[in-house]
Amino acid sequence: MGFHFFAMMSRMNYITRWALMRNTRTENISEHTHDVAVLSHALAVLTNRRFGGRVDVGRCVLLALYHDTPEILTGDMPTPVKYYNPEIREAYKQVERVSGEKLLSMLPPDLRGEYEPLIVPDGRWEDEHKIVRAADKLSALVKCIEEQGQGNHEFEKPRRSTEKAVRQMKLPAADCFLEEFLPSYELTLDEQE
């Protein structure tokens, strides 16, 4: 009998994001995961270098790589639905947990312990999880900027609310990223040289 975990991971390519929105370019959770991993790395480095933090940079990247794996089985739940009220939010967390446990069951037993804290959060590494949550929001913000840059006005309100959510996290590295790095996403390639 084979183990299906890694084959399932490759299915991240098939799960699209922003299902309720008109998109000029679709985004799947594999692409999103890459962006979140890069942004998590950046926020972790900023946290440690500029703000006296002591987060595990590598762990941030690993958590980012697996942060949306439950969506392989659940799909991407649209934000207005996922956060509509506390009951739905809590129910969805349970669905994600069951999905994560199902994915873990697709690994050989001797490997599950390595992946479990990455896929089914257990309260460890809260500082690293906070960085990944901020990177997740920054990735969404970048998507909004890209869509607006293509003339898609449907992303104006999500952009405002996502930027507000990042600022409300009160994470100095995220605020720094907003000020120093985010403006470049609004520039053309020639303007970035």
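**Figure 1. The surroundings of H129 in helix 8**. In this predicted model, we start with a histidine and the residues around it. Apart from neighbours within four places in sequence, H129 is in contact with L63, P121 and R124. Is H129 buried or exposed? H129 is buried, its relative accessible area being 13%.

**Figure 2. R124 and the ring of W125**. One of the contacts of H129, R124, is worth a view of its own. Here the charged end of R124 sits over the ring of W125, at 5.0 Å from the ring centre.

**Figure 3. The largest nonpolar core of the model**. This core has 43 residues, and the members that touch the most others are F5, L43, I119 and L138. Which helices each supply at least two of its residues? They are helix 1 (5-9), helix 2 (29-50), helix 3 (57-66), helix 6 (86-104), helix 7 (109-119), helix 8 (126-149) and helix 10 (172-180). Helix 8 provides the largest share, with eight residues.

**Figure 4. L43 and the residues it touches**. Let us stay with one of those core members. Leaving out residues up to four places away in sequence, L43 touches I131, A134, A135 and L138, and also A173, A174 and F177. Among these partners, L138 is itself one of the core residues that touch the most other members.

**Figure 5. The aromatic pair of F177 and F181**. F177, already met as a partner of L43, is shown here with a second phenylalanine. A pair of aromatic rings is described by the distance of the centres and the angle of the planes. For F177 and F181 the centres are 5.3 Å apart and the planes make an angle of 35°, a tilted arrangement. F177 is buried, with a relative accessible area of 6%, whereas F181 is partly exposed, at 36%. How many aromatic pairs are there in the count? The count comes to seven aromatic pairs.

**Figure 6. An aromatic cluster with F5**. F5, F6, Y66 and Y115 form one aromatic cluster. F5 may look familiar: in the largest nonpolar core, F5 is among the residues that touch the most other members.

**Figure 7. The cysteines C60 and C176**. The structure holds zero disulfides. C60 is in no disulfide, and the nearest cysteine sulfur to that of C60 belongs to C176, 15 Å away. A disulfide needs sulfur atoms within 2.5 Å, so at 15 Å C60 and C176 do not form one. Both cysteines can be described by their accessibility too: C60 is buried, with a relative accessible area of 0%, and C176 is buried as well, with 9%.

**Figure 8. V45 along helix 2**. V45 is partly exposed, with a relative accessible area of 31%. Beyond its neighbours within four places in sequence, V45 is in contact with R50 and V57. How far apart in space are V45 and S30? With their positions 15 residues apart in sequence, the two lie 23 Å apart, C-alpha to C-alpha.

**Figure 9. The chain around these close-ups**. To place the views, we step back to the whole fold. The chain has ten helices and zero strands. Its C-alpha trace spans about 55 × 40 × 35 Å along the principal axes. The radius of gyration is 17 Å, which agrees with the value near 16 Å for a compact globule of 193 residues. Of the 193 residues, 40% count as buried. Among contacts with a separation of 6 or more, 67% join residues 24 or more positions apart.

Methods: Residues are numbered from 1 along each chain as its sequence is written. This is a predicted model: local features need pLDDT of at least 70, side-chain atom pairs count only at pLDDT 80 or more; totals for chains, interfaces and linings use all residues. Side-chain values use heavy atoms; hydrogens and water are left out. A nonpolar core is a set of buried Ala, Val, Leu, Ile, Met, Phe, Trp, Tyr and Cys residues joined through side-chain atoms within 4.5 Å. Buried means under 20% relative accessible area, exposed over 50%, partly exposed in between (1.4 Å probe, protein chains only). Helices (H or I, at least four residues) and strands (E, at least two) are DSSP runs, numbered from the N terminus. Contact means heavy atoms within 4.5 Å. Rings of Phe, Tyr and Trp (its six-membered ring) pair if their centres lie within 6.5 Å; planes under 30 degrees apart count as stacked, over 60 as edge-to-face and the rest as tilted. A charge sits over a ring if NZ of Lys or CZ of Arg is within 6 Å of the ring centre and within 35 degrees of the ring normal. The radius of gyration is taken over C-alpha atoms; the globule rule is 2.2 Å times the number of residues to the power 0.38.
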